[in-house]
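Visitor: Could you take one charged pair, look at it closely, and then follow the chain outward from there? I would like the cut-offs behind each term as you go.

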Amino acid sequence: MTSAPTQRPPVLAVIGVGPRGLGVLERLVSHCTERPFPVTVHLIDPQPPGPGFHLADQPDHLLLNTVCSQVTAFADPRMVDGPTATTGPGLYEWCRSRDLRLAADGYTVREGRGREIEPNDYLPRRLLHTYLTWATDRIRAAAPACVRLVWHRSTALDIRPGAAGRESVLLADGTAIDADAVFVTVGHHSLYHPERTMAEPRLVSRPYPLPDVLDGIAPGERVAVLGMGLTAMDVIASLTLGRGGRHERISTGSSTGSSGLRYIPGGREPLIVLTNRTGLPSRSRPHLNPGRLRFVPLALTEAALDARRAARPGGRLDFAEDVLPLIEAEMELAYYRTVAGGQLDDFAAAGAEFARRAERSGWRAVLKECRERYGPYPLRGVLGVRAAEGPWADTQEYARWFAGQVADDLGEARTGLGRSPLKESLEVLRDHRDVLRAVVDPPGLDDASLDLFFCTFTATVNRLVIGPQLDRSAELLSLLDAGVLRLGPGPRPKVLAPSGNAASWRLESTCLERPETVEVDHVVAAHVAEPPADQLPGSLLGTLVAAGRVATLAQRGGSATGLHVTRDGRGIDPAGGVQPRLYFLGPHTEGSSYYNHYVPSPGAPSRALRDAELALRTALDQLTARP
C-alpha cells in the first residue's frame, strides 16, 4: 500500500463498528504500524464498539454455532493478504487465560467452576460480546500515533456527496463528517430491532432478541415453532432450558434411544409444536476429531471454474451446468477418500493417494474406480430440490421417521469429521466455501443461476452443514421423548390465523394420508431473513437506496436482494455507475458475494478480513493518486 499524500491526511469513516467494522480498523492499524502514515478515522455506532449484536445479557444456553477455537478478532498471515502487526489471542485462548470453565450442563460458563474449556466447545454468545469488546480495546491501544481515532456514539442517517470529492456523513446528533472514503459495515442492522407494530399479538415474526420476545407465551400454552434451523433451536432452548428445564445424561441403552439424554421439566414450559416446509431436520454440526485434515479440492477448483467462465457470455456461470456437477463430484470424492482412509487407518495416506491418482488420470477416473470398489455413493441427489418423502399415514408415523433421521445423523456427527464418510462428504460445502464465493464474485452467475443459488442452494447448504450443535440434536430427541415437544402434522402444514370466533391458530396437514389439524395458542416464525435495504425506509441503507447511491440486486427479479457492489465493495448505482468513495461490507451485500455473516477463524483464509483489506487498499490507493 502506498503511503498517503502529505498535503492533507486522509479522513475515513466507518459506520457500524461491530465485527466487520472492527475488521476494517484492525486492517488499518496493522498497515499503519508496519508503514506509518497520518490518517483520521471516524468510528460511528450508537452501541459500544466491537461486538455488534452479540449481546452481553443473553443467557448462557444461547450458544455460538462455531467452536471456540475457530473464532478470533486478530489476523494472522494465513488469514489475510496484508500485514498482521496487531496480534492477540482467539476466543479459546482468551477464555483459558481467564480460567473460564464449562459447567456439567454443557453451556453455563463461570470463572474457576467446572471443567476446562476445550477447543471444540460451543460457548455462550455473551462471551463473544465480552471478547470482542476486549479485542476492540486492544486494537485501539495498538494504533500508532499517526492514527487519530474519533468515536461517535450516534447513528448515521445519510451519506451525501460532499464538496471537493468527499462524502458527507450526517449523524443523528447533528454532526456532519466530511470523509474521503466511507465504509458501511452495519451488519445485521434490523433483525434485533423490536417490531414497530404487532398485527397479531400471538404471532412472533421476529424471534430476536431472545428470550424477551417469548415472554407472552405462558406455561402450558401451545406454541408452534415454524422452522428447524438454528433460530428454531434457539427458540426451543429458550422455552425449555430458559424456563428451568435441564437435560440429564443417561445410558444410551435406555428407552430414550440414541439421544443419551433425559429431559427434566422445569414446570414453566409451553407445549412446543415443531414443523417446517420440507419436513427434513437440519443436520447437526459434527464432532471435530483431533488431527482431522482438510484436503485441497480435486474437482471443485477455481481453475475448473475459470475454464467454464471462458466459455460463457460475459464470463457469467450457469450454476446447474457449470458448478453443481463439480460440487457433487467433490463431495463424492471426499466420501470415498474417507472410506479408504478408514480401511487403511491412515487418512493422510488416503488423501495423498487420491491426489496422485487424480493428477495422473483425472478425478473422473478416480470416481469410477471408487464406485466399482466401494459401492454406490449414499448421498446422491442430496443437493437437489427435495422435501421429505411421503406421504405418511399420520403424525405418529411421520414423527417416528423424523426421530430416526435425527438419530442417524447424530450417530454420524458423534463419529465426527475425519472419521465419518457422510460428514466428510457434506463438509465439502464448508471446507471449500472460498471456491463457492469465487462462483458468486463478479462476473458471477447469470440471472437465473443467481436465483437458484440464493433461493435453493444456500437453503440446502444451511440445512446440511450450518445446522445446530451436536448437543442440540440430542436435546431435540430428549424433548420429543419427554413430550414437551411434538412434531406438527407433517411437512408444509397450512397455517391459519385466528378468525371470527376461533381463538386459536390452526395447522392443517397437507402430506398425511389421514388429514390432521393441530390448534396452538401462539406461532413463532423461526426464520431469520434480513429485509432488503429497499424495504427499510428510514434506515441508512434504505435512504441510500432511495437516493440512488446504491442499488439492490432485487432489480434482477430474483431472490438475491442484497446490495449491488463491486468485488472491492464499492456500491453500484441503478445506472451501473460505481460509487468511488462509498464501500459496503458485510451481510447486506449477500448476493454480490456469498456467506458474509461470520467472525474470522484463525489459521485459515478469512473472507471478512480479506474483503476489508481489499476495500481499504482500494480506498487508500485512490487517495494517493488524487491531485
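Guide: Arg567 is partly exposed, with a relative accessibility of 32%, on a scale where buried means under 20% relative accessible area, exposed means over 50%, and partly exposed lies in between (1.4 Å probe, protein chains only). The model is predicted, so local features need pLDDT of at least 70 and side-chain atom pairs count only at pLDDT 80 or more, whereas totals for chains, interfaces and linings use all residues. Residues are numbered from 1 along each chain as its sequence is written, and side-chain values use heavy atoms, with hydrogens and water left out.

The partner of Arg567 is Asp611, and their side chains meet in a salt bridge at 3.0 Å, N to O, the term being reserved for a side-chain nitrogen of Lys or Arg within 4 Å of a carboxyl oxygen of Asp or Glu. The two residues are 44 apart in sequence, with Arg567 in the loop between H14 and E21 and Asp611 in helix H15; helices (H or I, at least four residues) and strands (E, at least two) are DSSP runs numbered from the N terminus. In contrast to partly exposed Arg567, Asp611 is buried, at 7% relative accessible area. Both belong to a network of salt bridges that also links Arg20, Asp441 and Arg607.

The loop that carries Arg567 runs between helix H14 (540–546) and strand E21 (570–572), and His564 has its place there too. His564 is buried, with a relative accessible area of 17%. Its contacts (heavy atoms within 4.5 Å), once neighbours within four places in sequence are set aside, include Arg570, Gly571 and Ile572, as well as Thr552, Arg556 and Ser592.

Helix H15 leads on to another charged pair, since Glu613 forms a salt bridge with Arg27, their closest N and O atoms being 2.9 Å apart. Arg27 lies in helix H1 and Glu613 in helix H15 (residues 607–624), so this pair ties together parts that are 586 residues apart in sequence. Arg27 is buried at 0% relative accessible area, and Glu613 counts as buried at 3%.

Helix H1 (residues 19–34), in turn, stands between strands E1 and E2 in a right-handed β-α-β unit, where right-handed means that, with the strands pointing away from the viewer, the path from the first strand over the helix to the second runs clockwise. Two strands pair if DSSP finds at least two bridges between them; E1 pairs in the parallel sense with E2 (residues 39–44) over five bridges, and likewise in the parallel sense with E10 (residues 181–184) over four. On the E2 side Val11 stands opposite Thr40, while on the E10 side Ile15 stands opposite Val184. Strand E1 (residues 11–15) is largely enclosed by the rest of the structure, because five of its five residues are buried. Val11, Ala13 and Ile15 point one way from the strand, and Leu12 and Val14 point the other.

For the setting of these pairs, the structure holds 46 salt bridges. One of them joins Asp471 and Arg249, at 3.7 Å from N to O, and it links distant parts of the chain, Asp471 being in helix H13 (residues 470–482) and Arg249 in strand E13 (residues 246–249), 222 residues apart. Here Asp471 is partly exposed at 34% relative accessibility, and Arg249 is exposed at 58%.
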